[in-house]
Amino acid sequence: MNFTTSFTRQHNEIIEIVTEIDQNLDNQILMEKSEETASLLNLLAGKLTAHLTMEDKVLYPKSMSNPSLEIKK
């Protein structure tokens with residue numbers, strides 16, 4: 001699996017989690033699903049941390065080593 005496939009998968013997972021959280025943001029639903037929503041927020045935080053770390057360690061160094069000035073920008 002190449003790194004762009006991993007980024008795409010991560011983006012899709014993050015979108016799914018955010019969509020679930022968004023569906024719980026009605027006051028009544030939030031009262032009923034507060035623990036589930038808190039778990040989703042924790043899951044989102046973990047996914048975002050892993051994704052941003054991967055960008056820092058893989059994507060940006062790879063981009064900066066590319067000979068294209070356009071890609072470096």
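Which residues of helix 3 are buried? The points below take up this question for a model that is predicted.

1. Buried face of helix 3. The buried residues of this helix are Thr37, Leu40, Leu44, His51, Met54, Glu55 and Ser63. Their packing partners are helix 1 (3-23), helix 2 (27-32) and helix 4 (69-72).

2. Length of helix 3. The helix covers residues 34-64, which makes 31 residues. At 1.5 Å a residue, a span of 45 Å is expected, and the separation of 43 Å between the end C-alpha atoms agrees with this.

3. Kink. Helix 3 bends by about 40°, and the kink is centred on Glu55. Glu55 is also listed among the buried residues of the helix.

4. Helix 1 against helix 3. The axes of these two helices come within 10 Å and cross at roughly 155°. Because angles over 145 degrees count as roughly antiparallel, helix 1 is described as roughly antiparallel to helix 3. The handedness of their crossing is left-handed.

5. Leu44. This residue belongs to helix 3. Its relative accessible area is 12%, so Leu44 is classed as buried, the cut-off being under 20%. Beyond its neighbours within four places in sequence, Leu44 is in contact with Ile14, Ile17, Val18 and Ile21. Helix 1 spans residues 3-23 and is one of the elements against which the buried residues of helix 3 pack. Within helix 3, Leu44 and Met54 are both buried; these two residues are 10 apart in sequence, with their C-alpha atoms 15 Å apart.

6. Thr37. This residue also has its place in helix 3. Thr37 counts as buried because its relative accessibility is 4%. With residues up to four places away in sequence set aside, Thr37 touches Asn24 and Leu30. The C-alpha atoms of Thr37 and Ile17 lie 9.8 Å apart, although 20 residues separate the pair in sequence. Ile17, for its part, is among the contacts of Leu44.

7. Asn24. Where does Asn24 lie? It is placed in the loop between helix 1 and helix 2. Asn24 is buried, since its relative accessible area is 4%. Apart from neighbours within four places in sequence, its contacts are Ile29, Leu30, Lys33, Glu36, Thr37 and Leu40. Two of these, Thr37 and Leu40, appear among the buried residues of helix 3. The contact with Thr37 is the one given above from the side of the helix.

8. Ala50. Is Ala50 buried or partly exposed? The residue lies in helix 3 and counts as partly exposed, because its relative accessibility is 43%. Ala50 and Pro61 are 11 residues apart along the chain, and their C-alpha atoms are separated by 16 Å.

9. Gln23. This residue is found in helix 1. Gln23 counts as exposed because its relative accessibility is 52%, where the cut-off for exposed is over 50%. Its C-alpha atom is separated by 16 Å from that of Glu13, 10 residues away along the chain.

10. Points to check in the view. Helix 3 may be inspected for its kink centred on Glu55 and for its left-handed crossing with helix 1. Asn24, in the loop between helix 1 and helix 2, may then be followed to its contacts, including Leu30 and Thr37.

Technical notes: Residues are numbered from 1 along each chain as its sequence is written. This is a predicted model: local features need pLDDT of at least 70, side-chain atom pairs count only at pLDDT 80 or more; totals for chains, interfaces and linings use all residues. Side-chain values use heavy atoms; hydrogens and water are left out. Helices (H or I, at least four residues) and strands (E, at least two) are DSSP runs, numbered from the N terminus. The expected span of a helix is 1.5 Å times one less than its number of residues. The bend at a residue is the angle between axes fitted to the seven residues ending there and the seven starting there. Buried means under 20% relative accessible area, exposed over 50%, partly exposed in between (1.4 Å probe, protein chains only). Contact means heavy atoms within 4.5 Å. Axes are lines fitted to C-alpha atoms, for helices over the stretch in contact, and angles run from 0 to 180 degrees between N-to-C directions. Angles under 35 degrees count as roughly parallel, over 145 as roughly antiparallel, 65 to 115 as roughly perpendicular and the rest as oblique. A crossing is left-handed if the near helix is turned anticlockwise from the far one by less than a right angle, and right-handed if clockwise.
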